[in-house]
Amino acid sequence: MSKHNEWMIRASAMARKSDNPIRQLVEGLKLEPHPDKPMIALSIGDPTIFGNLKPPTEVLDALVESVSSQRYNGYAPSAGHEEARAAVANYSSHSNQQIKPKDVILCSGCSSALDICVAVIADPGQNILIPCPGFPLYKTLIEGLGVEARYYKLQEKLDWEIDLEDLERNIDESTAAIIINNPSNPCGSVYSREHLLNILEIAKKHQVPIIADEIYEHLVFEGEKFIPISSLSDDVPILSCSGLTKRFLIPGWRMGWIIIHDRKDIFDKQIRVGLQKLTQRTIGSSTLIQGALPHILSKTPEKFYEDTIAVIQRNAQLVYKNLSQIEGLKPIMPRGAMYMMVRIDLDKFPSFGNGLDFVTKLVSEESCFCLPGECFNAPGYVRLTLSPPGEMLQEACTRIAAFCKEHCVP
């Protein structure tokens, strides 16, 4: 007989340490929208949710063909089918490097790719450097493994470039990797060639590998250029993560990938084998989407990409123009991705102690919900999504203006 009257089953250390800042903050807010105003959610990172941005017929046809072929109903190799990996390799190759299928690992979305990269490269007691402001999932994945998530600063006045001195100051003998997010969520920054070279120089000096989150690759505004950090690297080993999610407007299809960039064969000693072992823990990404990948990556027309970017850029300009005229707010114009950060001058809103108060009150009075900067370790900011229809964003700006006029003390 047991000596205990009640069962005592504890969650694992990994489960106890896995906290998602967005979920914690948002679910902890007592949000009560205004009963007479329909809710406008500017917090959602899914570009398909509003119905105005849809994948092209070529992408849908590719999936139909994959299903109809009856070739992809079974299991795939843990890293993915060879032809699907070859398609990603061809899509991601650049003038300085021809990627091979053996360098590609298919995953269940970019978040899964990041999870595997963190798990393969760091042990408890080590640290991984992440951006601030930054995507909160990094902290969730890192700290769940008992690894320290250590922040380096992004500089608002320099279009959210990395504070290179702060980055280098945070590196020590226990630093396992640096996560670089370009283009950025939540900031919408797009790094120049010179800035990327400076980052690589620091990584080379301290012999720290890079995990490159490039899920918003090529989603950059007119006049900007996305440069893969791997295209500039001869000495620094890089694991780059991307997928179909954002550029192809199919986040629910859960297709991401890791690409190994390692011209000096540094990862060959242990990391390649470790990646293979980690992919064998689960079955991997959808075989049906793998079957569609070659056509998706080669047949999607360039005009589809251009049209998507044009919509996001117009929305960014609309929001920036409107919010720039509101006392107490300072929007920072993005250069890419799908988001805009807006700084709140809390000195002009004395009734709000922080950004959480601002957001909660905005919802209750105007039924307009932005994500508080606290979700991204950036108190005093809010993040707006730029993917809704333009008329919805215009209405949101009108409501935010009325709200600020009511509460701002000049």
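In the predicted model, the buried residues of helix H4 pack against strand S2, strand S9 and helix H10. Helix H4 spans residues 82-92, and its buried positions are Ala-84, Arg-85, Ala-87, Val-88, Ala-89, Tyr-91 and Ser-92. Arg-85 and Ser-92 are thus listed among the buried residues of this helix together with Ala-84 and Val-88.

The partner helix, H10, comprises 13 residues, from 287 to 299. From its first C-alpha to its last, H10 reaches 19 Å, close to the 18 Å expected at 1.5 Å a residue. A bend of about 40° is nevertheless found in H10 at Leu-293, and a proline, Pro-294, follows within four residues. The N-terminal end of H10 is capped by Ser-286, of which a side-chain oxygen lies 3.3 Å from the backbone nitrogen of Leu-288. The buried residues of H10 are Thr-287, Ile-289, Gln-290, Gly-291, Ala-292, Leu-293, Ile-296 and Leu-297; Leu-293, the site of the bend, is therefore counted as buried under the cut-off of 20% relative accessible area. The cover over these buried residues includes helix H3 (57-68) and helix H4, as well as strand S2 (104-107) and strand S9 (256-261).

Within H10, Ile-296 has a relative accessible area of 0% and is buried. Apart from neighbours within four places in sequence, the residues in contact with Ile-296 are Val-59, Ala-62, Leu-244, Phe-248 and Trp-253. The C-alpha atom of Ile-296 is separated by 10.0 Å from that of Thr-57, although the two residues are 239 residues apart along the chain.

A further buried position is Cys-368, located in strand S12 (residues 368-369). The relative accessible area of Cys-368 is 0%. With neighbours within four places in sequence left aside, Cys-368 is in contact with Met-39, Ile-40, Leu-42, Leu-362, Val-363, Ala-396 and Ile-400. Of these contacts, Leu-42 lies 326 residues from Cys-368 along the chain, yet the C-alpha atoms of the two residues are separated by 7.2 Å.

Open and enclosed spaces were also examined. The largest pocket holds about 730 Å³ of space. It is lined by 26 residues, and those closest to its centre are Gly-45, Phe-135, Asn-185, Lys-246 and Tyr-339. Helix H2 (21-28) and helix H5 (109-121) are the elements that give two or more residues to this lining, and the largest share, three residues, comes from H5. In addition, four cavities of 30 Å³ or more are found in the whole structure. The largest cavity contains about 50 Å³ of space. Its lining includes Gln-97, Ser-230 and Ser-233, the run of Asp-234, Asp-235, Val-236 and Pro-237, and also His-261, Asp-262, Arg-263, Lys-264 and Ile-266.

Asn-185, one of the residues closest to the centre of the largest pocket, belongs to the loop between strand S6 (175-181) and helix H8 (193-206). Its relative accessible area is 6%, so Asn-185 is buried. The side chains of Asn-185 and Arg-383 are joined by a polar contact of 2.9 Å. Beyond neighbours within four places in sequence, Asn-185 is in contact with Gly-134, Phe-135, Tyr-216, Tyr-339, Phe-376 and Arg-383. Among these residues in contact with Asn-185, Phe-135 and Tyr-339 are likewise listed as closest to the centre of the largest pocket.

Several features of the backbone complete the description. Most residues other than glycine have a negative phi, and most peptide bonds are trans. A cis peptide bond joins Asn-185 to Pro-186, with omega of about 25°, and Pro-186 is placed in the loop between S6 and H8. The peptide bond from Cys-132 to Pro-133 is also cis, with omega near 0°; Pro-133 lies in the loop between strand S3 (127-132) and helix H6 (137-144). Positive phi values occur at Gln-207, near 55°, and at Ala-337, near 60°. Gln-207 is situated in the loop between H8 and strand S7 (210-213), whereas Ala-337 is in the loop between strand S10 (329-332) and strand S11 (339-344). Gln-207 is exposed, because its relative accessible area of 73% is over 50%. Ala-337, by contrast, is buried, with a relative accessible area of 1%.

Methods: Residues numbered from 1 in each chain as written. Predicted model: local features only at pLDDT ≥ 70, side-chain atom pairs only at ≥ 80, totals over all residues. Heavy atoms only, no water. Expected span 1.5 Å × (residues − 1). Bend = angle between axes of the 7 residues up to and from the residue. Buried < 20%, exposed > 50% of the residue type's maximum accessible area, 1.4 Å probe, protein only. Contact = heavy atoms within 4.5 Å. Polar contact = N/O pair within 3.5 Å; in protein donor to acceptor, adjacent residues only side chain to side chain. 1 Å grid on protein atoms, 1.4 Å probe; cavity = no way out; pocket = protein on both sides within 12 Å on 5 of 7 lines; lining within 4 Å. Points joined across faces, edges and corners; volume = space filled by probe spheres on them.
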